[in-house]
Amino acid sequence: MPSPQPPTPEEKFADAKKLLGLPRIVVICGSTRFMAEMAEADLRETAAGKIVVKPGCDLKSPHGLWADPAEAEALKSRLDELHRAKIRLADEVLVVGDYIGDSTRAEIAYARALGRPVRFTHPEVDRGA
């Protein structure tokens, strides 16, 4: 008789979220050109009782933190890793906007590889993702 396998970290995390009684967690993905739409999606998802995580920086808008191009590139790399962590944290992904760029396409692929359900505000863009 084979011995039972210990739970994976993902299974332990899912169990902990259930024990804590946490609502579903949704991560918002999409181009930062859709920051206003992301804010609206955040509002709607929060009103529906979900915990929402989304991009916190818009590197396309001027700011001193990413004024230097070399610093901006390093920050983008760190932010990409941070967003993948948000996807691991989440129960589902909501892709906002009618455009899917390379970064968002990679996030969708990552989420699907983890088995996270992916929803779209514009379902027609899913065909190209």
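Here a biologist and a modeller talk through a predicted model.

Biologist: Let's start inside. Which element gives the most residues to the largest nonpolar core?

Modeller: In general, nonpolar side chains tend to be buried together in soluble globular proteins. Here the largest nonpolar core has 14 residues, and V27, V93, V95, V118 and F120 are those with the most contacts inside it. Two or more residues each come from β1 (25-29), β3 (92-95), α4 (102-113) and β4 (118-120). With three residues, the element that gives the most to this core is β1.

Biologist: How many of the five residues of β1 are buried?

Modeller: A regular strand has side chains that alternate between the two faces of the sheet. In β1, I25, V27 and C29 are buried on one side, and V26 and I28 are buried on the other. The strand is therefore largely enclosed by the rest of the structure, and the number of its residues that are buried is five of the five.

Biologist: Nice! In β2, which residue is the bridge partner of I25?

Modeller: β1 and β2 pair in the parallel sense, over three bridges. Strand β2 covers residues 51-53. Within β2, the bridge partner of I25 is I51.

Biologist: Is I51 buried or partly exposed?

Modeller: I51 joins L20 and L22 in making a nonpolar surface patch of about 270 Å². Buried would mean under 20% relative accessible area, and exposed over 50%. I51 has a relative accessibility of 31%, so it counts as partly exposed.

Biologist: Now for the charges. How many residues apart in sequence are the parts that D91 and K17 tie together?

Modeller: Side chains of opposite charge can pair when their charged atoms come close. The side chains of D91 and K17 meet in a salt bridge, at 2.8 Å from N to O. D91 lies in the loop between α3 (69-89) and β3, while K17 belongs to helix α1 (residues 9-20), so the parts tied together are apart in sequence by 74 residues.

Biologist: And in the salt bridge of R119 with E92, which residue is buried and which is partly exposed?

Modeller: The closest N and O atoms of R119 and E92 are 2.9 Å apart. This pair links strand β4, which holds R119, to strand β3, which holds E92. At a relative accessible area of 30%, R119 is partly exposed. At 6% relative accessibility, the buried one is E92.

Conventions
Residues numbered from 1 in each chain as written. Predicted model: local features only at pLDDT ≥ 70, side-chain atom pairs only at ≥ 80, totals over all residues. Heavy atoms only, no water. Patch = residues over 30% accessible without salt bridge, like charges linked within 9 Å, V, L, I, M, F, W, Y side chains within 5 Å. Areas by Shrake-Rupley, 256 points an atom, 1.4 Å probe, with all protein chains shown as cover. Salt bridge = Lys/Arg side-chain N within 4 Å of Asp/Glu carboxyl O. Helix = DSSP H or I, 4+ residues; strand = E, 2+ residues; numbered from the N terminus. Buried < 20%, exposed > 50% of the residue type's maximum accessible area, 1.4 Å probe, protein only. Core = buried A, V, L, I, M, F, W, Y, C linked by side-chain atoms within 4.5 Å. Pairing = 2+ DSSP bridges.
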